[in-house]
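Student: I should like to learn how to read the features of a protein model. May we work through one together?

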Amino acid sequence: METVNRYLTSWESFWSSSTETPGEIFWDADPAHAAQQDLVLFQSYADPQLPIIDLGCGNGTQTRFLGDHFAKVIGTEISPAAVEISRTKNAAPNISYRILDVLCPADAQALHDEIGDANLYMRTVLHQLSPADHATAIQSIERLLGVKGVLYLIELSSAAEPYFAQLITQYGLPPGLARVFQHEITPGMLNENDLEVLFPPDRFTVLRTGKSRIHTVHTLPTGEVAKVPAFYAILRRRQR
Ligand SMILES: C[S@@+](CC[C@H](N)C(=O)[O-])C[C@H]1O[C@@H](n2cnc3c(N)ncnc32)[C@H](O)[C@@H]1O
């Protein structure tokens, strides 16, 4: 019997029903405010000769920005609809998009066999996975990085939960988040203090970590854009 991939089902439903109306995708911030804040942090660690993979690239908004700064960029997604949107809206000669379930380490290995070591950019993907799946995702990450790749990870931090609670109490549920829940996506939380549990020191070296913000497209009644507390981490595989 074939098992149902709940990530594929819910995210395909989310992306295939997207109208691409501005503001519809909660986290779809202008890269001028989003990936740009990340780039200055990780560019000095990442070998620009290597390709960069935007793991869980969504509609490719941030991927296209990466394409302005790296010679070869690959956006990967579990959702075929997201890949289709990315190819249509965020194409560039040095960017390609393809299906990759980050929970299939064998597929990650096949991609590594094809392109060699790669840098990875991963924005708000890991917290979408159930904690029971984190170790498998990290196996895929390990295979894609190889020896020389560097990972830039940006995720909601432990301060995100109280931030959302207060935002919802004060102003109600943002429509962009309501849409996430309608598709039975159940975001979890990561805790920045668990970084070494997720990325064990015998396998990974943390090069840099710190506080950050996930810029969103949700404008609050104050006129400010919601910026969700986050943390970033720059890691590579431990050199033996
Ligand atoms: C919150 S969105 C972030 C999208 C993009 N990184 C960005 O910042 O705009 C999370 C993305 O992870 C993708 N995703 C969820 N589970 C996945 C999996 N198992 N493998 C690959 N991508 C996955 C979803 O389709 C979705 O596009």
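Tutor: Let us start with one residue: histidine 127 is found in the loop between β4 and α6. Helices (H or I, at least four residues) and strands (E, at least two) are DSSP runs, numbered from the N terminus. This is a predicted model, in which local features need pLDDT of at least 70 and side-chain atom pairs count only at pLDDT 80 or more, while totals for chains, interfaces and linings use all residues. Residues are numbered from 1 along each chain as its sequence is written, and side-chain values use heavy atoms, with hydrogens and water left out.

Student: Is histidine 127 buried or exposed?

Tutor: Buried means under 20% relative accessible area, exposed over 50%, and partly exposed in between (1.4 Å probe, protein chains only). Histidine 127 has a relative accessible area of 4%, so it is buried.

Student: Which residues does histidine 127 touch?

Tutor: Contact means heavy atoms within 4.5 Å. Not counting residues up to four places away in sequence, histidine 127 touches Glu155, Leu156, Pro187, Gly188, Met189 and Leu190. By contrast, the C-alpha atoms of histidine 127 and proline 48 are separated by 27 Å, and these two residues are 79 apart along the chain.

Student: What should one look for in the backbone angle phi?

Tutor: Most residues other than glycine have a negative phi. Threonine 124 has a positive value, near 50°, and lies in the loop between β4 (119–123) and α6 (134–145). Glutamate 184 also has a positive phi, near 55°, and its place is in the loop between α8 (175–182) and α9 (195–198).

Student: Why does threonine 124 count as buried, and why does glutamate 184 count as exposed?

Tutor: Threonine 124 counts as buried because its relative accessibility is 12%. Glutamate 184 counts as exposed because its relative accessibility is 66%.

Student: How many aromatic pairs are there?

Tutor: Rings of Phe, Tyr and Trp (its six-membered ring) pair if their centres lie within 6.5 Å; planes under 30 degrees apart count as stacked, over 60 as edge-to-face and the rest as tilted. By this rule the count is 13 aromatic pairs. One of them joins tyrosine 121 and tyrosine 152, whose ring centres are 5.9 Å apart with planes at 10°, so the pair is stacked. This pair links distant parts of the chain, with tyrosine 121 in strand β4 and tyrosine 152 in strand β5 (residues 150–156), 31 residues apart. Tyrosine 121 and tyrosine 152 are both buried. For phenylalanine 199 and phenylalanine 204, the ring centres are 5.0 Å apart and the planes at 90°, so this pair is edge-to-face. Phenylalanine 199 and phenylalanine 204 are buried as well.

Student: Which residues form one aromatic cluster?

Tutor: Phe42, Phe70, Tyr121, Tyr152 and Tyr232 do so. Phenylalanine 70 is found in the loop between α3 (61–67) and β2 (73–77), and is buried, with a relative accessible area of 4%. Leaving aside neighbours within four places in sequence, phenylalanine 70 is in contact with Leu39, Phe42, Ala46, Ile52, Asn94 and Asn119.

Student: How does one read a residue placed in a helix?

Tutor: Two cases serve here. Threonine 61 is in helix α3 and counts as buried, at 17% relative accessibility. Asp28, Ala29, Pro31 and Asn90 are touched by threonine 61, not counting residues up to four places away in sequence. Alanine 110 is in helix α5 (residues 105–115) and is partly exposed, with a relative accessible area of 41%. Between alanine 110 and leucine 144, which are 34 residues apart in sequence, the C-alpha to C-alpha distance is 9.1 Å.

Student: What can be said of the protein as a whole?

Tutor: The protein has nine helices and seven strands. The radius of gyration is taken over C-alpha atoms, and the globule rule is 2.2 Å times the number of residues to the power 0.38. For this protein the radius of gyration is 17 Å, close to the 18 Å that the rule gives for 240 residues, so the protein is as compact as a globular protein of that length. Its C-alpha trace spans about 50 × 40 × 35 Å along the principal axes. Of its 240 residues, 51% count as buried.
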